[in-house]
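Hello,

Here is the structure I said I would pass on. Please open it first, then read the notes below it.

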Amino acid sequence: MNAVLDDLDAYLQAFGYTLALFVISGLLSLVLGTVLVAMRVGPVAVLRAAATTYVTTVRNTPLVIVFAFFAFFAPIINIRFTWLDVHIGRFDFTELFGAAVASLSLYTCTFVCEALRAGVNAVPLGQAEAARAIGLPFGGVMTNVVLPQAFRAALPPLASVQIALIKNTSVAAVFGVAEAVAQMRTFTNSFASQRLGIFIAFAIGYIVLVEVVSFAAARAERRWRIA
Amino acid sequence: MSGSNVLFDAPGPRTVARHRAYSLVALVVVVAVLAWVVYKLHQAGQFEGDKWEVFVTPRYLEVIVVDGLLQTLKMAGLAVLGAVVLGFVLGIGKLSDHRLLRWPLWLVVEFFRAVPVLLLMIFAWYTLGISEPGTSFWAVVIALTLYNGAVLAEVLRAGVLAVPKGQAEAAYALGLRKTQVMNIVLMPQAVKIMLPAIISQCIVALKDTALGQYVLAPGLTRIYRQIYLQFDNRVPTMIVIAGIYIVVNLALSWLATWLQKRLVGEKNPLDLTRVGNQQGGENTGGAA
């Protein structure tokens, strides 16, 4: 534990990367997941099939392989993140970070899509029928009536998905992002005798993040629950 | 809301024409993207026979199946077995009437559910000794057991609580004791409700075995490394390994759905999303 306390800066910076990965991929995954669910329940058969195939494939692929895809496969088809070169304070967001964000959001959005689809199914039938009866087209039915309710119904599973995302950011360590798990391994390598303390210190960091999100989700759910 | 057809009217002639146009555009875009990917891969020489030959060579196929798939399944299987045992112990403990037992177990379950599996894996690996042979295998098994066990504890609790209250009341009225009520009445029904969630958890465990890469564990990810280092065919190997994972996982999800229909019926899947701090046994994206 002392090793971590003596170098609290490194610890906090590592969790800064974890947090940045989580926030950016979390937002992106919500947006992409919403698009996917609109495709999946929409009237265009080709899009429906494409979205279903994508979701089924990616959901069943281990995240490590999705990361490997962006590390080794994507460069071959000219998808690179070399354009990403942002430096804020002591944080450097470069190629590896971009690839990590892309992997995490493209992986997580499939779970967001499934959560939302369950949410759409939870909206009472009459809502969509009434919306159609007043003449709304598919886009109107979705954006004005169904999705707002679906989001509320889907809040608990969406929260689980986002909590899983916090923990999934750790996989970025395997692909060279200096986030918490990578930092923990560095600490453990240099201070092998303090292994347990270091482990607990980093576990606590994750637990704090998870509990904050879970608390916020519980509050939001209570507040926005459909009566 | 069941079936997507309630979301839009039966299309009239103009809408049908418009949907056809959308379909056509969507089809063109999808095909164009796929064609571009295939073209780029072809250009990079990824479709050359010698990059794929290894996957039709019986000797290497045997290596992939025996040293890769079987090792991975062994890790996942052991972890799930351990997780079921641990889940039962923790889950029943959490349902105990005694606070002194309930609270520490609550802490244990929350801890292992909130900590990334990768973190557990690394810690287990260093603790077992990184230089000794075989420790990475057990590090993966231990990490997955602890995480999935904690999740299954919550699943079990939710399963027992999902059994209608009258069942326990009736059992007590017959004069059964606490243990008997749990063993004879509640548990058999709870297990039936839980079974699909347990299978979903198998998928999570199987996917997470791939994290073993970081602790140099055996299994598909090690075979992946060995093959591409020898044949310089990283992309084809990646596609094959991902394919193996996907096929096994799809088989498992199919099994889970079948069990769900067979044992629970489609109406009342166990609502695990409201369990504890809102992580259930659902496949929410693994939990690296």
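**Chain A: fold**

Read from start to end, chain A runs α-α-α-α-β-β-α-α-α-α-α-α. That comes to ten helices and two strands. Please keep in mind that this is a predicted model. The C-alpha trace of chain A spans about 70 × 45 × 30 Å along its principal axes.

**Salt bridges**

Over all chains, the structure holds seven salt bridges. One of them joins A:R40 and A:E114. Their closest N and O atoms are 2.6 Å apart. A:R40 sits in helix α2 of chain A and A:E114 in helix α5 of chain A, so this pair ties together parts that are 74 residues apart in sequence.

**Where the chains meet**

Now the interface. On the chain B side, 64 residues are in contact with 70 residues of chain A. The size of an interface is often given as the accessible area lost when the parts come together. Here chain B and chain A bury about 5,900 Å² between them. Carbon and sulfur atoms carry 68% of that area.

How many salt bridges does the rule find across the interface of chain B and chain A? Zero. Polar contacts do occur: the count is seven residue pairs between chain B and chain A, with both residues at pLDDT 80 or more.

Which elements of chain B give two or more residues to the side that touches chain A? They are α1, α4 (99–114), α5 (117–128), α8 (178–208) and α10 of chain B. The largest share comes from α10(B), with eleven residues. By class, this side of chain B has 39 nonpolar, 18 polar and seven charged residues.

**The second largest pocket**

This pocket holds about 1,400 Å³ of space. Its lining has 34 residues. Nearest the centre lie A:Y54, A:T57, A:V58, A:F69 and B:L34. Both chains take part in the lining. From chain A, α2 (8–41), α3 (45–59), α4 (63–73) and α5 (95–122) each give two or more residues. From chain B, α1 (13–43) and α10 (234–264) do so.

Which element gives the most to this lining? That is α3(A), with eight residues. The lining divides into 30 nonpolar residues, four polar and no charged.

Two elements are worth a look on screen. Both α1 and α10 of chain B give residues to the pocket lining, and both also give residues to the side of chain B that touches chain A.

Best wishes

Definitions and conventions:
Residues numbered from 1 in each chain as written. Chains lettered and ligands numbered in written order. Predicted model: local features only at pLDDT ≥ 70, side-chain atom pairs only at ≥ 80, totals over all residues. Heavy atoms only, no water. 1 Å grid on protein atoms, 1.4 Å probe; cavity = no way out; pocket = protein on both sides within 12 Å on 5 of 7 lines; lining within 4 Å. Points joined across faces, edges and corners; volume = space filled by probe spheres on them. Helix = DSSP H or I, 4+ residues; strand = E, 2+ residues; numbered from the N terminus. Nonpolar A, V, L, I, M, F, W, Y, C, P; charged D, E, K, R; others polar. Contact = heavy atoms within 4.5 Å. Buried area = accessible area lost by both parts, 1.4 Å probe. Salt bridge = Lys/Arg side-chain N within 4 Å of Asp/Glu carboxyl O. Polar contact = N/O pair within 3.5 Å; in protein donor to acceptor, adjacent residues only side chain to side chain.
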